[in-house]
Amino acid sequence: MITEAIDFRFLLLENYKKMKISENELAVIFMIDHLTSQGNPFVTGDILSLKMTLNHKDIDVILNGLLTRGFIEYVSQGHKTVTSLNPLKEKLFREFQMTTSFEQAQQNSKQVNDMLQNVFGEFEKLLSRPLTQVEFSRIREWISYGYSDELIINALKEALSKGKKSLRSVDKILLSWAERDDIEKDGYTSLNNESDMNLEETIRIAKTPWLDQFDDDDKK
């Protein structure tokens with residue numbers, strides 16, 4: 001059932017067109033919601049026709065359509081039958097969740113893209129050359145690991161200050177900073193254990209072309 005923290009009427013007004021609910025159906029739904037909240041658990045076409053300008057025949061057609069499409073239901077509670085809008089509320093809540101998840105995903109995607117573009121631009125400016133596809137890929141990995149764009153750029157500046165231009169140097173600096181932060185926070189680091197567990201990944205990275213391209217930098 002939809003959470004009370006989210007207003008059903010607001011969600012309905014926001015989504016009724018998307019759910020192909022007509023204005024007459026919308027009016028009937030709101031009237032059902034009003035009547036049930038006023039202590040009328042079983043709402044019939046006769047009761048609705050007394051409260052609305054729609055005629056009894058049109059209301060019956062609307063009720064049948066709402067029932068068929070799974071927006072309302074009649075539920076037995078003990079010896080009584082009640083009219084429930086819970087099916088519609090649950091559909092609206094699912095729509096809200098999907099919309100929220102999609103918007104969050106879009107926002108996250110934009111944030112990541114902005115971070116990547118910032119890092120790409122700074123790296124090419126500081127290195128005075130275009131980045132290779134392998135380097136683009138490695139920077140994306142750093143972002144996916146949770147490193148901020150500012151931290152990555154600072155790691156490159158640190159490497160350059162030591163006369164090293166390879167991304168392996170940047171990688172080592174990022175790892176050392178992460179290890180330092182772990183020790184300061186928890187008194188120990190889990191990076192060594194993680195490195196052992198990711199031996200295959202380490203071997204793969206060690207074989208990538210860009211690591212060999214600037215090996216001389218790390219021997220200085």
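**Notes on a helical chain with one hairpin**

1. Start at G39, where the backbone takes a positive phi of about 95° just after helix α2. Keep in mind as you look around that this is a predicted model. A second glycine with a positive phi turns up further along: G78, at about 70°, in the turn of the β1–β2 hairpin.

2. Now for the overall layout. The protein chain has 12 helices and two strands. Going along the sequence, the order is α-α-α-α-β-β-α-α-α-α-α-α-α-α, so if you want to find the strands, look right after the fourth helix in that pattern.

3. Some totals for the protein chain. Of its 220 residues, 35% are buried. The chain exposes about 13900 Å², and carbon and sulfur atoms supply 52% of that area. As for contacts with a separation of 6 or more, 54% are between residues 24 or more positions apart.

4. Back to helix α2, which covers residues 23–37. How far apart should the ends of its 15 residues be? At 1.5 Å a residue the span should be 21 Å, and the end C-alpha atoms are indeed 21 Å apart, so expectation and model agree. The buried residues of α2 are E25, L26, V28, I29, M31, I32, D33 and L35. That list includes E25 and D33 as well as L26 and I29. It helps to remember that an α-helix has 3.6 residues a turn, so residues three or four places apart point the same way.

5. The hairpin is worth a closer look. Strand β1 takes in residues 73–77, and β2 takes in residues 80–84. The two run antiparallel and are joined by five bridges, with two residues between them. Y74 is in β1 and stands opposite T83 in β2.

6. Y74 also shows up on the surface. Is this tyrosine buried or partly exposed? Its relative accessible area is 34%, so Y74 counts as partly exposed. Together with F42 and L67, Y74 forms a nonpolar surface patch, and the three have about 250 Å² of accessible area together.

7. Next, the charged pairs: there are eight salt bridges in the structure. One of them pairs R138 with E141, at 2.3 Å from N to O. These two residues are both in helix α6 (residues 133–145), three residues apart, or about one turn of the helix. Both are buried as well; for R138 the relative accessible area is 5%.

8. R138 has another partner, D171, with a salt bridge of 2.7 Å from N to O. R138 is in α6 while D171 is in helix α8 (residues 167–186), so this pair ties together parts that are 33 residues apart in sequence. D171 counts as buried too, because its relative accessibility is 14%, under the 20% cut-off. Which residues end up in one network? Salt bridges with shared partners join R138, E141 and D171.

9. One more salt bridge to check is the one between K162 and E158, at 3.6 Å from N to O. Here E158 counts as partly exposed, at 29% relative accessibility.

10. Helix α5 runs over residues 86–127, and K91 is in it. What does K91 touch, leaving aside residues up to four places away in sequence? The answer is M19, R69, G70 and F71. K91 and L12 are 79 residues apart along the chain, yet their C-alpha atoms are separated by 9.9 Å. At 27% relative accessibility, K91 counts as partly exposed.

11. N118 is another α5 residue to click on. N118 counts as partly exposed, with 34% relative accessibility. With residues up to four places away left out, N118 touches D149 and I153. D149 is 31 residues from N118 along the chain, and the C-alpha atoms of the two are separated by 7.0 Å.

Key
Residues are numbered from 1 along each chain as its sequence is written. This is a predicted model: local features need pLDDT of at least 70, side-chain atom pairs count only at pLDDT 80 or more; totals for chains, interfaces and linings use all residues. Side-chain values use heavy atoms; hydrogens and water are left out. Helices (H or I, at least four residues) and strands (E, at least two) are DSSP runs, numbered from the N terminus. The expected span of a helix is 1.5 Å times one less than its number of residues. Buried means under 20% relative accessible area, exposed over 50%, partly exposed in between (1.4 Å probe, protein chains only). Patches are made of residues with over 30% relative accessible area and no salt bridge: like charges are joined within 9 Å, nonpolar side chains (Val, Leu, Ile, Met, Phe, Trp, Tyr) within 5 Å. Accessible areas come from the Shrake-Rupley method with a 1.4 Å probe; for residues, only the protein chains shown count as cover. A salt bridge is a side-chain nitrogen of Lys or Arg within 4 Å of a carboxyl oxygen of Asp or Glu. Two strands pair if DSSP finds at least two bridges between them. Contact means heavy atoms within 4.5 Å.
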